[in-house]
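Here are my notes on the dimer question you sent over. Have the model open while you read.

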Protein chains: 2
Amino acid sequence: MIKVSVLYPNQQGCKFDMAYYCNTHMPLVRRLLTPAIKGVAVEQGIGGATPGSAATYVAMGHLLFDSVESFQAAFAPHAQAIMGDIPNYTNIQPTIQISEVKL
Amino acid sequence: MIKVSVLYPNQQGCKFDMAYYCNTHMPLVRRLLTPAIKGVAVEQGIGGATPGSAATYVAMGHLLFDSVESFQAAFAPHAQAIMGDIPNYTNIQPTIQISEVKL
């Protein structure tokens with residue numbers, strides 16, 4: 001199983017509409033990438049290790065797939081629709097990481 | 001539900017023993033933080049958004065708790081044992097983020 005993590009860095013002046021992300025963007029992603037997509041998760045940054053410190057990421061979205069190949073094959077035809085929806089909820093340029101799920 | 005994410009940045013010269021992390025460190029964390037800990041997950045970085053690019057994090061560990069308070073109460077008495085085990089598997093100073101699970 002692989003996980004595509006979309007990490008939104010906490011930058012000065014950044015905007016992130018969590019309601020739109022959870023209620024509109026993620027359902028769109030899930031619909032377009034079905035049946036390849038095996039699960040989604042969303043987290044909102046609260047803070048860092050020390051109390052009162054800022055979170056490194058305001059939000060993180062995670063998408064699960066069987067393999068990198070199945071992700072790429074599912075994503076390519078819908079990349080424009082998915083990427084084009086990003087300005088509807090944030091002005092942040094996300095960091096994307098692909099990981100292998102170990103545990 | 002909150003998630004404590006421990007992110008290990010992919011730095012030049014970094015070492016990370018994934019087998020030790022999954023088979024020794026995470027079981028230690030789970031044992032010491034029971035019953036507060038509600039779940040653990042581990043991912044190994046494969047790459048970034050573009051094929052062939054490096055992953056931002058070589059590894060990510062995630063710990064689930066009911067609340068920030070339950071995490072802090074469980075972690076404080078075992079912080080030294082858990083943090084003291086880190087040099088056994090990596091020379092990376094991790095980035096820690098606490099997030100609220102939204103989806």
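The points below go through the contact between the chains, its symmetry and its strand pairing.

1. Ground rules. This is a predicted model, with local features needing pLDDT of at least 70, side-chain atom pairs counting only at pLDDT 80 or more, and totals for chains, interfaces and linings using all residues. Residues are numbered from 1 along each chain as its sequence is written, chains are lettered from A in the order in which they are written, and side-chain values use heavy atoms, with hydrogens and water left out.

2. Extent of the interface. Chain A and chain B each put 33 residues into the contact (heavy atoms within 4.5 Å). Together they bury about 2,700 Å², 58% of it on carbon and sulfur atoms; buried area here is the accessible area (1.4 Å probe) lost by two parts on being put together, summed over both.

3. Polar side of things. The rule gives two salt bridges across the interface of chain A and chain B, a salt bridge being a side-chain nitrogen of Lys or Arg within 4 Å of a carboxyl oxygen of Asp or Glu. A:Lys3 and B:Glu43 meet in a salt bridge at 2.7 Å, N to O. I also see 19 residue pairs in polar contact between the chains, both residues at pLDDT 80 or more (N or O atoms within 3.5 Å; within protein, one must be able to donate a hydrogen and the other to accept it, and residues adjacent in sequence count only if both atoms are side-chain atoms).

4. Who contributes? On the side of chain A that touches chain B, strand 2 of chain A gives the most, with eight residues. Helices (H or I, at least four residues) and strands (E, at least two) are DSSP runs, numbered from the N terminus.

5. Symmetry. Chain A lies on chain B with an RMSD of 0.0 Å after a turn of 180° and a shift of 0.0 Å along the axis, which is the relation of a two-fold axis. The fit is by least squares on the C-alpha atoms of residues with pLDDT of at least 70 in both copies. Of the residues of chain A, A:Leu7 comes closest to the rotation axis, its C-alpha at 5.8 Å. The same surface serves both copies, with 100% of chain A's contact residues recurring in chain B.

6. Strands across the interface. Strand 2 of chain A runs antiparallel to strand 4 (residues 95-101) of chain B, joined by four bridges; pairing needs at least two DSSP bridges between two strands. Look at A:Gly45, opposite B:Ser99, and A:Gly47, whose bridge partner is B:Ile98.

7. And within chain B? Strand 4 of chain B is also joined to strand 1 (residues 2-9) of chain B, antiparallel, by six bridges. There B:Leu7 has B:Thr95 as its bridge partner.
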